[in-house]
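Student: I should like a close look at a single part of this model and at the packing around it. Please give one connected account, working outward from that part to the chain as a whole.

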Amino acid sequence: MSSGEVVVDAVKLRAARENAKWSQMDVANAFGIRQPTVSHWESGHRSPGLRVFELAGMFGVDVWGLVVVPEAVWDGPPERVPRAEVVV
């Protein structure tokens, strides 16, 4: 993983989508992609990459609730590593 890669928490992505009452097909249609791609995001087989910013907006959550910041790429003190939480 490169230091610029966005790592999305697949479980929290699915929870955020479900809490916002979006179906996988709704998300796929919004992006002009196929539903299996959304399923792959939520199973962790693929990442939505920078689309995570749009997904957070669609679902009404803070983007930090959907991403994981590996400590290996965090330059700040260990106690300040951003923790991912879904904000609903």
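Tutor: Leaving aside residues up to four places away in sequence, Ala28 touches Ile33, Arg34, Gln35 and Val38. The model is a predicted one, and Ala28 has its place there in helix H2. With a relative accessible area of 0%, Ala28 is buried. One of its partners, Val38, lies 10 residues away along the chain, and the C-alpha atoms of Ala28 and Val38 are separated by 6.4 Å.

Helix H2 also contains Gln24. Its relative accessibility is 17%, and because buried means under 20%, Gln24 counts as buried. Again not counting residues up to four places away in sequence, Gln24 touches Arg17, Gln35, Val38, Ser39 and Glu42. With Gln35 there is a specific interaction: the side chains of Gln24 and Gln35 make a polar contact at 2.4 Å. Gln35 and Val38 thus appear among the contacts of Gln24, and they appear among those of Ala28 as well.

The account now passes to helix H3. Its buried residues are Thr37, Val38, Trp41 and Glu42. Seen down the axis of H3, these residues fall within an arc of 140°, so they line one face of the helix. The buried residues of H3 pack against H1, H2 and H4. After H3 comes Gly44, which has a positive phi, near 85°.

Trp41 deserves separate attention. Setting aside residues up to four places away in sequence, Trp41 touches Ala10, Leu13, Val27, Phe31, Ile33, Arg46, Ser47, Pro48, Arg51 and Leu55.

The aromatic side chains can be taken next. The structure holds 2 aromatic pairs. Trp22 and Phe59 form an edge-to-face pair, with 5.9 Å from centre to centre and 70° between the planes. This pair links distant parts of the chain, since Trp22 is in the loop between H1 and H2 while Phe59 is in helix H4, 37 residues apart. Trp22, at 26% relative accessibility, counts as partly exposed, whereas Phe59, at 8%, counts as buried. Phe31 and Trp41 also form an edge-to-face pair, at 6.0 Å centre to centre and with 85° between the planes. Here, too, distant parts of the chain are linked: Phe31 belongs to helix H2 and Trp41 to helix H3, 10 residues apart. Both Phe31 and Trp41 are buried.

Phe59 leads on to helix H4, which spans residues 51-59. The buried residues of this helix are Val52, Leu55, Ala56 and Phe59. Viewed down the axis of H4, they fall within an arc of 100°, so they line one face of the helix. The buried residues of H4 pack against strand E1 (7-8), helix H1 (10-19), helix H2 (24-31), helix H3 (35-43) and strand E2 (67-68). H4 is followed by Gly60, whose phi is positive, near 70°.

These helices meet in the nonpolar interior. The largest nonpolar core has 17 residues, and those with the most contacts inside it are Leu13, Val27, Trp41, Leu55, Phe59 and Leu66. At least two residues of this core come from each of H1, H2, H3 and H4. H4 gives the most to the core, with 4 residues. Of the residues with the most contacts inside the core, Leu13, Val27 and Leu55 are also among those that Trp41 touches.

Finally, the chain as a whole. The protein chain has 4 helices and 2 strands, and from the N terminus on its elements run β-α-α-α-α-β. Of its 88 residues, 33% are buried. Among contacts with a separation of 6 or more, 52% are accounted for by residues 24 or more positions apart. The accessible surface of the protein chain comes to about 5500 Å², and 51% of that surface belongs to carbon and sulfur atoms.

Definitions and conventions: Residues are numbered from 1 along each chain as its sequence is written. This is a predicted model: local features need pLDDT of at least 70, side-chain atom pairs count only at pLDDT 80 or more; totals for chains, interfaces and linings use all residues. Side-chain values use heavy atoms; hydrogens and water are left out. Buried means under 20% relative accessible area, exposed over 50%, partly exposed in between (1.4 Å probe, protein chains only). The arc is that of the directions from the helix axis to the C-beta atoms. Contact means heavy atoms within 4.5 Å. Rings of Phe, Tyr and Trp (its six-membered ring) pair if their centres lie within 6.5 Å; planes under 30 degrees apart count as stacked, over 60 as edge-to-face and the rest as tilted. A nonpolar core is a set of buried Ala, Val, Leu, Ile, Met, Phe, Trp, Tyr and Cys residues joined through side-chain atoms within 4.5 Å. A polar contact is a pair of N or O atoms within 3.5 Å; within protein, one must be able to donate a hydrogen and the other to accept it, and residues adjacent in sequence count only if both atoms are side-chain atoms. Accessible areas come from the Shrake-Rupley method with a 1.4 Å probe; for residues, only the protein chains shown count as cover.
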